[in-house]
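The following exercises are intended for work with the sequence and the structure side by side. Please attempt each task before reading its solution.

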Amino acid sequence: MMIAVRICALLLILAFPRLAHAGEAVRPELHHEYIARYLTKFFPRQHLGQWKCDDVISARTWSNYIASLDYEHMVFLQSDIEAMRSWETGLDNAMAGGDLTFPFRAYQLFQTRLEERCKYAQTLLAAPFDL
């Protein structure tokens, strides 16, 4: 079952470009929706384990996706995680309908938090050091 979860998370990651130009929002395209629908329709039949895309797979996929973006828990705030938690068990239903709002919003939030961290680090480096 863990392999199924990793495959789902990998497909979410590969479904859109990891790098966007500064200030440019990453948006789902038509082929992304097709991939999501295809995955949820054929994955249960094609995978050796014959697992259904249910709330358990959804929760594990959600967790793996968040971990793939912020493995060391240094980017997202606790409030970000709590706000995204509403997608935890509904990700399977959203993907079955081709709705990729969650992965794209999570990635945009990830980019925003990284920019904030970089700006904060630059302000610290601009201040004189107190040795």
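The exercises below concern a predicted model, and each is followed by a worked solution.

**Exercise 1. The nonpolar core**

Identify the residues of the largest nonpolar core that touch the most other members, and state which helices supply at least two residues of this core.

*Solution.*
- Step 1. The core comprises 20 residues, and those touching the most other members are W62, I66, L69, F76, M84 and F102.
- Step 2. At least two core residues come from each of α2 (30–46), α3 (55–69), α4 (78–84), α5 (91–96) and α6 (101–126).
- Step 3. The greatest contribution is that of α6, which gives five residues.
- Step 4. As general background, nonpolar side chains in soluble globular proteins tend to be buried together.

**Exercise 2. Helix α3 and the surroundings of W62**

Compare the span of α3 with its expected value, list the buried residues of α3, and determine which residues W62 touches beyond four places in sequence.

*Solution.*
- Step 1. With 15 residues and 1.5 Å a residue, α3 should span 21 Å; the end C-alpha atoms lie 21 Å apart, so expectation and model agree.
- Step 2. The buried residues in α3 are I57, S58, A59, T61, W62, Y65, I66 and L69.
- Step 3. For the spacing of such positions, recall that an α-helix has 3.6 residues a turn, so residues three or four places apart point the same way.
- Step 4. Leaving aside residues up to four places away in sequence, W62 touches I81, M84, R85, W87, E88, L91 and F102.

**Exercise 3. Salt bridges**

How many salt bridges does the structure hold, and what does the pair D80 and R113 tie together?

*Solution.*
- Step 1. There are five salt bridges in the structure.
- Step 2. One of them joins D80 to R113, with 2.7 Å between the closest N and O atoms.
- Step 3. Because D80 belongs to helix α4 and R113 to helix α6, this pair ties together parts that are 33 residues apart in sequence.
- Step 4. D80 and R113 are both buried; for D80 the relative accessible area is 6%, which is under the 20% limit.
- Step 5. Not counting residues up to four places away in sequence, D80 touches L109 as well as R113.
- Step 6. R85 forms a salt bridge with E82 at 3.8 Å, N to O, and another with E88, where the closest N and O atoms are 3.2 Å apart.
- Step 7. D80, R113 and E116 are joined into one network by salt bridges that share partners.
- Step 8. R85, at 32% relative accessible area, is partly exposed, and E82, at 43%, is also partly exposed.

**Exercise 4. A surface patch and a backbone angle**

Which residues form a nonpolar patch on the surface with Y34, and is H73 buried or exposed?

*Solution.*
- Step 1. Y34 forms the patch with I35 and Y38, and together they have about 320 Å² of accessible area.
- Step 2. I35 is located in helix α2, and its relative accessible area of 31% makes it partly exposed.
- Step 3. H73 is found in the loop between α3 and α4 and counts as exposed, with 67% relative accessibility, since the limit for this class is over 50%.
- Step 4. The phi angle of H73 is near 55°, a positive value in a residue other than glycine.
- Step 5. By way of context, most residues other than glycine have a negative phi.

Technical notes
Residues are numbered from 1 along each chain as its sequence is written. This is a predicted model: local features need pLDDT of at least 70, side-chain atom pairs count only at pLDDT 80 or more; totals for chains, interfaces and linings use all residues. Side-chain values use heavy atoms; hydrogens and water are left out. A nonpolar core is a set of buried Ala, Val, Leu, Ile, Met, Phe, Trp, Tyr and Cys residues joined through side-chain atoms within 4.5 Å. Buried means under 20% relative accessible area, exposed over 50%, partly exposed in between (1.4 Å probe, protein chains only). Helices (H or I, at least four residues) and strands (E, at least two) are DSSP runs, numbered from the N terminus. Contact means heavy atoms within 4.5 Å. Patches are made of residues with over 30% relative accessible area and no salt bridge: like charges are joined within 9 Å, nonpolar side chains (Val, Leu, Ile, Met, Phe, Trp, Tyr) within 5 Å. Accessible areas come from the Shrake-Rupley method with a 1.4 Å probe; for residues, only the protein chains shown count as cover. A salt bridge is a side-chain nitrogen of Lys or Arg within 4 Å of a carboxyl oxygen of Asp or Glu. The expected span of a helix is 1.5 Å times one less than its number of residues.
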